[in-house]
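The following exercises ask the student to read a protein fold step by step. Please examine the sequence and the structure before turning to the solutions.

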Amino acid sequence: MVYLVGAGPGDPGLITVRGVACLRRADVVLSDYLVNPELLTLAHPDAEVIALGGHRSRRMETQEEINAQMVAAARQGKTVVRLKGGDPHVFGHSAEETTALEAAGIAYETVPGVTAALAAAAYAAIPITHGRHSSAVALVTGQERSDKTESRLDYGALAEFPGTLIFYMGVTSATEWSAALIRRGKRPETPAMIVRRCSWADQETIRCTLGTVGDVIARRRVRPPAVVLVGEVVGLAPETSWFTARPLFGCRIVVTRPREQANDLAERLRELGALVLMQPAIEISPPCDEQAVDEALERVGDCDWLVFSSANGVRHLLDRLWSRGGDLRRLGAVKLAAIGPGTADALARYHLRADLVPDEFRAESLAESLAGGAAGRRFLLARASRGREVLAEQLAAAGARVEQVVVYQSSDVVTPDPAVAEALAAGQVDWITVTSSAIARALVNLFGDQLRRVKLASLSPITSATLRESGLEPAAEATQYTIAGLIEAIVESQTPARR
C-alpha cells in the first residue's frame, strides 16, 4: 500500500490527522526535501526514511527513480508513505506517481495537504477571495516542463482573470511571466507579494507590484521556495500579519532539555514564533542499580515523606513500581513533596497530589519547608545520579532520618547535533535555553567559547551561577523557576529588540 501524503508548506501543525495516521503506520517514508524534518519524528522509530531531491550531499533523483523506489518497496509488502510538500495534486507530480502505481497494480490513497497558495494567503493575512476585488483564484505554474514545444499558459486570459493569481515556482521566471501579463493588458501597478518559506519561522514577505516583481527578486536574491500573489487583494494585507507579529518570530532558539522532556518547551516557543533547534545536552536513562530502587520501594510505606526533586524522578520511580507488580497502594499514608509545579504536575499524571510544593522552586526552599517537622521523621529522596546534596544535608541537620535512592541516570551528551553545531558556528542562533546546572556544564563541554556568541536563557539563579563559573553571563533569567517563567524571560528580553 502506498499513501501519497500532503505534508503542507512547512509548519508541521498543518499536516492532516489522516496524514499523521499514515506516517505512524509506514514502514518506508519517501520524503521531499521541502518537508519539515519534524514531521519525520511522527514515523515509527523502525521506519526507513529516505530523503529525496535536494538534501545536503544528495543528488536530485529523477521522477522515474522515485517511482521505482515506491513500487519496489510496496512489492516487498511494505507500507509506503510518499511525503510531499504542500498538496500532492498541486504541482506535485502526483499524476506520474499514481500512473506508475496503477501500472504496477499497487493500491494507493491520496491524502490532501495544505497547498502553499492557501497557506501563504493565511500567513500573510491576504484575503485571496473578496466580495469586491476577487471572485476567483488561479494557481499558475511559473515553470513549465522543459520538453513542451510551446507554453500552454494563456496570458491574455490570465490578464483578464477576475481575481487573484498565485504563481508557484515562479521566482526564476518572474521577469518573463510578469512581462507577459503586462503585454496582455494587466496593469503594472497591480499589487503583488512574494511569500518565501511560507509558515516557517523565518517566513519572508516582500511587497511589490506586477511591474517590479522581477527586479525585486533579482535585487534581493530571493530563492525558492516561494509563491507570488498578484491582485488587488494583496493591497488589503496589513503591514504585519498575525504570524509575523508573534513576539519570538524569527528567533532561532536551541532547546537543550533531554529529548523526552523537550517537546513541551519547544512547542510553546514555536507558538510564539521561534524556530526551534533541538540539542539535548544531557541524557536520561534507568539507574545503574535497579535493585537499590526495588529495595527502596519495598520500604517506601514505612517512610513519612517521599520527596521528588524532578519530574524525571517521579516518572522513573513510579514506572518502576508498576513494572515490578506494585501500584499506588504501596505508598499508603506516605506524604509527597515536589520541588516545583512541574514535578507536582508529573505526580498528578499518576493521580497523586503533592502535599507540599515550596514557594520558591529550588532545593533550599524545599528543605526549609520540610525542616520544621523533620526531626525523627523518615524521608526517602528520589534523585538523579548527580546533583547537589543540599536537600539531604539540610534535612539531616534538622534531625531527619534521610535515605537517598538514585532512580535515574543523568549523563552528558558528548557529540553535538551537526545542524546545531553548523548554525552556531555560522552565527545563526539567537538563544540557548539552560534549564539546570547539569545542562549548563554539559553545554560548556559541547560548545565552549561559542556560547559567548549567543544569548543564554537561565531557569534559575542557581543555573545562572553555574554559567558564571564558566565565565558566561545569562542574557535572561526566569523570575519564576518554571518553563513558563523561562519563556516569559526570553519574551521580555526580546521585546525591546523588536520595537
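**Exercise 1.** How many bridges join strand β18 to strand β19, and do the two strands run parallel or antiparallel?

*Solution.* The model is predicted: local features need pLDDT of at least 70, side-chain atom pairs count only at pLDDT 80 or more, and totals for chains, interfaces and linings use all residues. Residues are numbered from 1 along each chain as its sequence is written, and side-chain values use heavy atoms, with hydrogens and water left out.
Step 1: strands are DSSP runs of E with at least two residues, and helices are runs of H or I with at least four, both numbered from the N terminus.
Step 2: β18 covers residues 431-434 and β19 covers residues 455-458; four bridges join them, and they run parallel.
Step 3: Val434 has Ser458 of β19 as its bridge partner.

**Exercise 2.** Determine the strand order of the sheet that contains β18, and identify its edges.

*Solution.* Step 1: two strands pair if DSSP finds at least two bridges between them.
Step 2: the open sheet has five strands in the order β12-β11-β18-β19-β20, with parallel pairing.
Step 3: β12 (275-278) and β20 (476-477) each have a single partner strand, so one side of each lacks a neighbour in the sheet.

**Exercise 3.** Which strands does helix α8 lie across?

*Solution.* Step 1: contact means heavy atoms within 4.5 Å.
Step 2: α8 (residues 259-271) lies across β11 (252-255), β12 and β18.
Step 3: with axes fitted to C-alpha atoms, for helices over the stretch in contact, and angles from 0 to 180 degrees between N-to-C directions, α8 runs at about 160° to β12.
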